[in-house]
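Open the model in your viewer and show side chains as sticks. The tour goes one selection at a time.

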Amino acid sequence: MVINFVQKDIGEMFPKWEFDVEDMPADIDDVYAPVNYNDTHWIAMWISIPKRHIVVWDSICSSISPEELDVVMEPFLYMVPNLLVECASSDEQHAQYSLEPFTYERPTNIPPARAGDCGVYALKYIECHALGIEFSKKDFAKPNGKTMRDEMVVDIFQELPDAHEFENKDNDANLGAYEGS
C-alpha cells in the first residue's frame, strides 16, 4: 500500500492562491479531506478538532478492510495533533492542544456508490456535511452518480481562476481535425 503525500510547497502547487498559513483563522473546528487509497479508491475524512476525532466516509467499504484502514489512518491520527501543536500561533493555543493521537470511525450507514463513483461520492459527502445536509439515500442513489459527476465538473470549472477565458474560445484552428481532410 502506498499513500502519496505531496512534497511541494503549497505556493508552488497553487501559485495564484497566495496561501499563507499565518493568514488562516485560529478558530477552525472542522477539516475535510478527500483521500486516495492505493490509486484505486477515494474516501472522505471529516477531522473534528474539538472532538479529537476523525470520521471516514467510505462509499464502498469492501474496498478497504478494517486492518488496511487502520494502516491508512495511523499517520493522520498522529499527524493532526502534531500539526496543531506545531502551528499554534500563541502560547494559549499551544497549551490547548496535546500530542495524544486522534480517534477515528468509519460509519456504515452512508449511501453506497458503485465502482467508479467513489471519488464523486467522497466529495459529495464532504459538501453535504459541511453544509449541514443529510446524506439522503434518494439523492445518493447509485444511478445518480453520473449526474453528480457532471454537476461537479461544471461547478469546479466555474470556480477555476480565469475560467471565463475558456468559455468563448471556438477553437477554429482544430475545426476540420475530424473531417478526414
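Which backbone nitrogen lies 3.1 Å from a polar atom of the side chain of Asp58? Select Asp58 and look for the backbone nitrogen of Ile60, which lies at that distance.

Before going on, note that this is a predicted model, in which local features need pLDDT of at least 70, side-chain atom pairs count only at pLDDT 80 or more, and totals for chains, interfaces and linings use all residues. Residues are numbered from 1 along each chain as its sequence is written, and side-chain values use heavy atoms, with hydrogens and water left out.

Stay on Asp58, in the loop between S3 and helix H2 (66-87); helices (H or I, at least four residues) and strands (E, at least two) are DSSP runs, numbered from the N terminus. Asp58 is buried, at a relative accessible area of 1% (buried is under 20%, exposed over 50%, partly exposed in between, with a 1.4 Å probe and protein chains only).

Add His41: its side chain and that of Asp58 are joined by a polar contact of 2.6 Å (N or O atoms within 3.5 Å; within protein, one must be able to donate a hydrogen and the other to accept it, and residues adjacent in sequence count only if both atoms are side-chain atoms).

Next select strand S2 (residues 41-48). Because 7 of its 8 residues are buried, S2 is largely enclosed by the rest of the structure. S2 pairs in the antiparallel sense with S1 (residues 30-37) over 8 bridges, and with S3 (residues 53-57) over 5 bridges; pairing requires at least two DSSP bridges between two strands.

Finish at Ile47, which stands opposite Ile54 in S3.
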